[in-house]
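Grab your viewer and a pencil. Work through each exercise yourself before reading its solution.

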Amino acid sequence: MNRNPIIPFVLIMVFGIGLVFALSINGLGNAKEQAAEKEGGEKKEEVAAGSPEEIYKGTCIGCHGDQYQGGVGPALKGVGDKYTPDQIKDILVNGKGSGMPAGLVAEGQLDDMAKWLSELK
């Protein structure tokens with residue numbers, strides 16, 4: 001009538017070892033994909049939306065507000081009065097201070113975004 005108290009521990013151990021093997025095999029598959037990316041194979045990049053307005057809605061609205069009024073970041077209305085399009089482009093590429101992160105806009109869309117921001121009233 002006595003139950004063996006070690007059986008639950010053995011079952012947990014077997015389950016844990018099986019899980020380790022399963023995750024290791026999955027990790028090997030991921031390692032091969034990452035190695036192929038480093039060698040110039042297929043890369044999975046996110047492509048930003050096309051128009052400056054869509055880019056703004058996707059990446060900037062959280063800090064600069066839904067009507068460009070500011071919030072965590074400064075207001076963007078009238079930013080063209082303070083900065084030239086080239087300066088705006090530099091801020092988009094390199095960031096500014098500790099609040100504005102760099103690289104939120106793809107290179108091919110920097111000119112359009114800088115022009116759009118400078119004309120924002």
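Below are four exercises on helix packing, the nonpolar core, salt bridges and an unusual backbone angle.

Two ground rules before starting. This is a predicted model, where local features need pLDDT of at least 70, side-chain atom pairs count only at pLDDT 80 or more, and totals for chains, interfaces and linings use all residues. Residues are numbered from 1 along each chain as its sequence is written, and side-chain values use heavy atoms, with hydrogens and water left out.

**Exercise 1.** Work out how the axes of helix H2 and helix H5 cross, and find the residues that make the contact.

*Solution.* Start with the ranges: H2 covers residues 52–64 and H5 covers residues 110–118. Helices here are DSSP runs (H or I, at least four residues; strands are E, at least two), numbered from the N terminus. Next, take the axes: they come within 9 Å and cross at roughly 90 degrees. Axes are lines fitted to C-alpha atoms, for helices over the stretch in contact, with angles from 0 to 180 degrees between N-to-C directions. H2 and H5 are therefore roughly perpendicular to each other (65 to 115 degrees; under 35 is roughly parallel, over 145 roughly antiparallel, the rest oblique). Now list the contact (heavy atoms within 4.5 Å): H2 brings Pro52, Glu53, Ile55, Tyr56 and Cys60, while H5 brings Asp112, Met113 and Trp116. Sort these by type and you get six nonpolar, no polar and two charged. In that sorting, Ala, Val, Leu, Ile, Met, Phe, Trp, Tyr, Cys and Pro count as nonpolar, Asp, Glu, Lys and Arg as charged, and the others, Gly among them, as polar.

**Exercise 2.** Find out which helix supplies the largest share of the largest nonpolar core.

*Solution.* First, the rule: such a core is a set of buried Ala, Val, Leu, Ile, Met, Phe, Trp, Tyr and Cys residues joined through side-chain atoms within 4.5 Å. Buried means under 20% relative accessible area, exposed over 50%, partly exposed in between (1.4 Å probe, protein chains only). The largest core has 15 residues, and Tyr56, Leu92, Met113, Trp116 and Leu117 have the most contacts inside it. H2, H4 (85–94) and H5 each supply at least two residues, but the largest share, five residues, comes from H5. To check against burial, note that Leu110, Met113, Ala114, Trp116, Leu117 and Ser118 of H5 are buried. The buried residues of H5 pack against H2, H3 (79–82) and H4.

**Exercise 3.** Search the whole structure for salt bridges and say which parts the pair Asp111 and Lys89 ties together.

*Solution.* Apply the cut-off: a side-chain nitrogen of Lys or Arg within 4 Å of a carboxyl oxygen of Asp or Glu. The search finds two. In one, Asp111 meets Lys89 at 2.8 Å, N to O. Asp111 sits in H5 and Lys89 in H4, so this pair links parts 22 residues apart in sequence. Glu119 also forms a salt bridge with Lys115, with the closest N and O atoms 4.0 Å apart. For accessibility, Lys89 is partly exposed at 27%, and Lys115 is partly exposed at 49%.

**Exercise 4.** Is Tyr68 buried or exposed, and what is the sign of its phi?

*Solution.* Locate Tyr68 in the loop between H2 and H3. With a relative accessible area of 14%, Tyr68 is buried. Its phi is positive, about 65 degrees, although Tyr68 is not a glycine. For background, most residues other than glycine have a negative phi. Finally, look at its surroundings: Tyr68 is among the residues touched by Tyr56, and Trp116 touches Tyr68 too.

Key: Lists of a residue's contacts leave out its neighbours within four places in sequence.
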